[in-house]
Amino acid sequence: MRPTPEQDREFTAFVTARRAGLVRVAELLVSGDPAKGEDVVQMALTRLYLSWPRVRPETAEAYARRCVVNAATDERRRLFRRREQPFAELPDVAVLEEMAGDDEKVKALLKTLPTGMRAAVVLRYIEGLSVTETAAAMRCSEGNVKSQSARGLQRLREFFPARQPHLA
Amino acid sequence: MPDIMTVLQNLPQTSEPADEAVVAADVARGHRAVSRRRQRRIGFTAAAVAVVAGVAAGAGQLGTTANHPTTTAGTGITAAGLQMVAYTGEQPSGFEVTTVPDGWTVISSQPYEFVVAPPGRETGGGPSAGPGPVFYDGRIAVYMLGDGPGPNASHAEKVDINGKPGKLGTFPKTTTSPGAHWLTFPSDHGTVVVQVPDSTGLSNDQILTFARGITVTDAVR
């Protein structure tokens, strides 16, 4: 079922208002790379458009978030296959320690979390969604959201102070 | 040193409206995706129907017609001995169905369509549940017409569906597709389309019986 011109206008208005926020979430879900985040949002919005005639206005934002999480998971799987590159020598300096600013450090630490755990942390603590909303976006149980987000936060806490640069 | 929660909650927010050209590109991608999906569905249906037709033709050449379903003159549908029975399985969302061919089940349910498949065809030929296309070949598809013009009703037969005026017609036959039957009837929520590939073996009466057992509920979209 193709969206009607009126539905096209509604979709356009929705995307205009929400796109920047979706890109931000997508970037956080796929290792902080803006280009990959944009790819994810384009995929998600295409899926959203296909479903738009059946999406109720009050659930559109939640549905869009779910599309982004799904697209980010797909992208993450593709990235994982592409990303494995052998190196003769491992870097002996942690990249995090060379970064300035807590924001960048946290974003870098988020990359180290497994996909589901990262999604739970991003949606719960950065986007400020409730457990129920996060579970809906991730299509999992609320219990799973609670455990993933708690473990993710714990892991971030473990590494965040330790990776602060040493001050002379 | 700030707590990790504080850092997470204070990551920069973005709330600027998206650029008009970027949004237009998103809509254009959506349009192309709709076209691709439509072409895929048509392609799969045509290919599957062609295969069924090929198998049927091959079987006929082997001289075993005595053991095969006979063709009902004028309809192009084979009378395969199917019996219509009360449906006792899980109801689709957006619809209620009371009568199905014996052994057939609802394999896909969306608030705007559902698909009923014969035994052994519940899976395969495409996903049977969840998002994504559900292929109609060899299966009965019921969906809301939406805003489109619907099938060409110039040669359709007028039928009665629970006191409402329905139409029963055929999709044009092509070199790759022996066609399918369609039936439309009005409901309180719009026009309902029942699509029945000839390969299912349902007669016109059985299609009518099936359609008369369909109720569109308030959950339909």
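Among the elements of chain A, which has the lowest mean pLDDT and which the highest? In this predicted model, α3(A) stands at the bottom with a mean of 76, and α1(A) at the top with a mean of 92. Across chain A as a whole the average pLDDT is 81, and 80% of the residues score at least 70. Two stretches fall below these values: over residues 79–85 of chain A the pLDDT stays under 50, and the model has one contact beyond four places in sequence for them, while residues 163–168 of chain A are also below 50, with six contacts in the model beyond near neighbours in sequence. Where pLDDT is low, the predicted coordinates should not be read in detail.

With that caution in mind, the fold of chain A can be followed from its N terminus, where the elements run α-α-α-α-α-α-α, giving seven helices and zero strands. Of the 168 residues in chain A, 37% are buried. Among the contacts in chain A with a separation of 6 or more, 63% join residues that are 24 or more positions apart.

The interior comes next. The largest nonpolar core has 48 residues, and those with the most contacts inside it are A:A26, A:L29, A:V40, A:A44 and A:V68. Two or more residues of this core come from each of α1, α2, α3 (60–83), α4, α5, α6 (131–138) and α7 of chain A, and from α1 (4–9) of chain B. Because domain 1 (1–85) and domain 2 (89–168) of chain A both give residues to this core, it lies between them. One of its residues, A:V68, can serve as a local example: leaving aside neighbours within four places in sequence, A:V68 is in contact with A:L22, A:V25, A:A26, A:V40, A:V41 and A:A44. Apart from the largest core lies another, of 35 residues, including B:V116, B:W182, B:V196 and B:A211.

Single helices show how burial is arranged. In α4(A), the residues A:K105, A:V106, A:L109 and A:L110 are buried, and because they cover an arc of only 140 degrees around the axis, they are on the same side of α4(A). In α6(A), the buried residues include A:T134, A:A136, A:A137 and A:M138. That helix is followed by A:R139, which is placed in the loop between α6 and α7 of chain A and has a positive phi of about 55 degrees although it is not a glycine. A:R139 counts as exposed, because it has 10 C-beta neighbours inside 10 Å.

Chain B offers a residue of a similar kind in B:N162, which is not a glycine and has a positive phi near 55 degrees. B:N162 lies in the loop between β9 (157–161) and β10 (164–170) of chain B, and it counts as exposed because it has 12 C-beta neighbours inside 10 Å.

It remains to see how the two chains meet. The contact takes 30 residues from chain A and 26 residues from chain B. On the side of chain A that touches chain B, at least two residues each are supplied by α1 (5–29), α2 (34–51), α4 (102–111), α5 (115–126) and α7 (142–162) of chain A, with α1(A) giving the most, 10 residues. By kind, the residues on this side of chain A divide into 15 nonpolar, seven polar and eight charged.

Note on methods. Residues are numbered from 1 along each chain as its sequence is written. Chains are lettered from A and ligands numbered from 1 in the order in which they are written. This is a predicted model: local features need pLDDT of at least 70, side-chain atom pairs count only at pLDDT 80 or more; totals for chains, interfaces and linings use all residues. Two residues are in contact if their C-beta atoms, placed from the backbone, lie within 7 Å. Helices (H or I, at least four residues) and strands (E, at least two) are DSSP runs, numbered from the N terminus. Ala, Val, Leu, Ile, Met, Phe, Trp, Tyr, Cys and Pro count as nonpolar, Asp, Glu, Lys and Arg as charged, and the others, Gly among them, as polar. A nonpolar core is a set of buried Ala, Val, Leu, Ile, Met, Phe, Trp, Tyr and Cys residues joined through C-beta atoms within 7 Å. A residue is buried if 20 or more other C-beta atoms lie within 10 Å of its own, exposed if 12 or fewer, and partly exposed in between; C-beta atoms are placed from the backbone. Domain bounds come from an automatic or database domain assignment. The arc is that of the directions from the helix axis to the C-beta atoms. pLDDT is the predictor's confidence in each residue, from 0 to 100.
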